[in-house]
Amino acid sequence: MRGTGRRRPRIAQNDLQRANQPRQTAPTVKVNFQSTTAFPMAPPLQLPIVQNWSCHSCGGCCRQHLIEITEAERQRIAEQGWTAADGIPADQSPVAWFAGPPWKKRYRLAHRADGACVFLNDQGLCRIHAKFGEQAKPLPCQLYPYVFHPSGRKVAVSLRFSCPSAVANRGTPVAKQMDALKSLAAQVVPPHAERISPPPISPRSRVDWSDFLRFVAAIDEVIAQPGAPLISRLLQAVSLSRTIGEAKFDAIEGSRLSEFLELISGAARIEPTALEDFEPPSRAGRLQFRMLAAHYARRDTFEEAARGWRGRLRLLKAALTFARGSGKAVPLQPGFREVPFATLDEPFGGLSDDADSILTRYFRVKIQGLHFCGPAYYDVPFVEGFYSLALVFPVVLWLGRWLAASDSRTNLTTDDVSQALAIADHHHGYSPVLGSRSSRRRVRLLTHDADLERLIVWYAR
């Protein structure tokens, strides 16, 4: 079902910042602005050039996300007159008050006991969509899996790979969906979005939009290089980011900046034969990585939130197990079984060509869509955001190994990688935990000690 992103449409500066503030609750989608503030016409869109998508009615989004709705959407749903004859339980309201004082209540779509949205029918379709049309659904449901990010005079479009159809690249090319995307953008992009400043490159360095996009293009060109395996290209991109983070660009701009980025990009090239020279991750690095991977492996959805203190206690015990790294990894959602931590550090045969292609497309969509820094990712600078994005690679391979080992296999398949990517991208940029100070500090530690590169190589074995 084309249905349920979590928090994002985003664009207005204040709305973007509010939308990205971590919430200490289960993941929800909230629209923080009204359509009356939107452009009368959609701004120019910058679309990902390597992605297809169409809804295939799997219903996964309606089980993975909680949808916070506006007061106007709540009233519209109430006026639609849902009854037991429509499949809505007679003893359950389709909208639930979940937070806020009586004079400023916050509402979300109700969920059944099995965690599914109350409007999800047995065919994986939305009852609102089926009865009243797509425009009658809450706006977050219409948007998913698309997200919109400011890009100077344009708005960059990205997708969430928590949707299996996005991972599989199934459906209509995004480039052929311009009219539909313009219609969505017109509902969420506020006036004067072009005035939003670009994210800083690093804490000490800022540039204007034209030069910021040169940095984006430089990283994208590295990831897009043909011939070399993704692991080599990703290491090159990390090395390029390190150089960018250490440099100052006060006197370099425009075409000179492009030439400089091309020069340092070439100098950062990693030959596949050099991968054998990388040391294993440090003991401290493995500890930090396990804690990071545990956050990605969680299932912070309706079912988990409903467990109250017992669920939190279970997560605390699991965190202690991941911190020790001995014994067996504790499953944090369906699909994982108890597996010895030691097994997950053994070689699993590396990436297939198809898996390499899927992950390459993922990184390019996130980079082109600016879906890794600034308002799109906890307001972090360009370099820090790319480091966090690069860490998704070993996280996905670690989760993929866990899925394979749960099935008593020691080889990593394309399906393992696809499923792991959907699990990881459900959280990336959306989980309150990943935007916390402790999580950002973890990324800095892994980067400072060069464990980021070691982890990339180690889990690609």
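**Disulfides**

I looked for disulfides in this predicted model and counted zero. I then took Cys117 and asked which cysteine sulfur is closest to the sulfur of Cys117. It is the one in Cys62, at 5.7 Å. A disulfide needs two cysteine sulfur atoms within 2.5 Å, so the sulfur of Cys62 is too far from that of Cys117 for a bond. I also noted the accessibility of Cys117, which is buried at 7% relative accessibility. Cys373 is buried too, at 2%.

**Cis peptide and positive phi**

I checked the backbone next. Most residues other than glycine have a negative phi, and most peptide bonds are trans. I listed the exceptions below.

I found a cis peptide bond between Tyr144 and Pro145, with omega at about 5°. Pro145 sits in the loop that runs between helix 5 (139-143) and strand 7 (146-151).

I recorded Leu370 for its positive phi of about 55°, since Leu370 is not a glycine. Where does Leu370 lie? I placed Leu370 in the loop between helix 15 and helix 16. Leu370 has a relative accessible area of 5%, so I entered this residue as buried.

I recorded Tyr378 as well, a residue other than glycine whose phi is positive and near 55°. Its place is in the loop between helix 15 and helix 16. Is Tyr378 buried or exposed? At 7% relative accessibility, Tyr378 counts as buried.

**Helix 15 against helix 17**

I turned to helix packing. Two packed helices are described by the angle between their axes and the distance between the axes.

For helix 15 (residues 353-368) and helix 17 (residues 414-427), I read a crossing angle of roughly 25°, with the axes coming within 8 Å. Angles under 35 degrees count as roughly parallel, so helix 15 is roughly parallel to helix 17. The crossing of helix 15 past helix 17 is right-handed.

I listed the residues that meet. From helix 15 they are Asp354, Ala355, Ile358, Leu359, Tyr362 and Lys366, and from helix 17 they are Thr414, Val417, Ser418, Leu421 and Asp425. Sorted by class, this contact of helix 15 with helix 17 holds six nonpolar, two polar and three charged residues.

**Helix 11 against helix 18**

I repeated the reading for helix 11 (residues 283-297) and helix 18 (residues 437-448). Their axes are 10 Å apart and the packing angle is about 140°. Is helix 11 parallel or oblique to helix 18? Angles over 145 degrees would count as roughly antiparallel, and the angle here is about 140°, so I entered helix 11 as oblique to helix 18. Helix 11 passes helix 18 in a left-handed crossing.

On the helix 11 side, I noted Gly285, Gln288, Phe289, Met291, Leu292 and His295; these meet Ser439, Arg442, Leu445 and Leu446 of helix 18. The classes in the contact of helix 11 with helix 18 are five nonpolar, four polar and one charged.

I followed up on Gln288, which is part of helix 11. With a relative accessible area of 19%, Gln288 is buried, the cut-off being under 20%. Leaving out residues up to four places away in sequence, Gln288 touches Arg442, Leu445 and Leu446.

**Arg440**

I went on to Arg440, another residue of helix 18. Arg440 is partly exposed, at 24% relative accessibility. Which residues does Arg440 touch, not counting those up to four places away in sequence? I listed Tyr378, Val380, Pro381, Glu384, Leu434 and Gly435. Tyr378 in this list is the residue I had entered for its positive phi.

I also looked up a C-alpha separation for Arg440. Gly385 is 55 residues away from Arg440 along the chain, and their C-alpha atoms are 9.7 Å apart.

**Ser388**

My last lookup was Ser388, in helix 16 (residues 382-406). At 6% relative accessibility, Ser388 is buried. With residues up to four places away in sequence not counted, Ser388 touches Tyr377, His428 and Val443.

Notes:
Residues numbered from 1 in each chain as written. Predicted model: local features only at pLDDT ≥ 70, side-chain atom pairs only at ≥ 80, totals over all residues. Heavy atoms only, no water. Axes fitted to C-alpha atoms, helices over the stretch in contact; angles between N-to-C directions. Helix = DSSP H or I, 4+ residues; strand = E, 2+ residues; numbered from the N terminus. Parallel < 35°, antiparallel > 145°, perpendicular 65-115°, else oblique. Left-handed = near helix turned anticlockwise from the far one by under 90°. Contact = heavy atoms within 4.5 Å. Nonpolar A, V, L, I, M, F, W, Y, C, P; charged D, E, K, R; others polar. Buried < 20%, exposed > 50% of the residue type's maximum accessible area, 1.4 Å probe, protein only.
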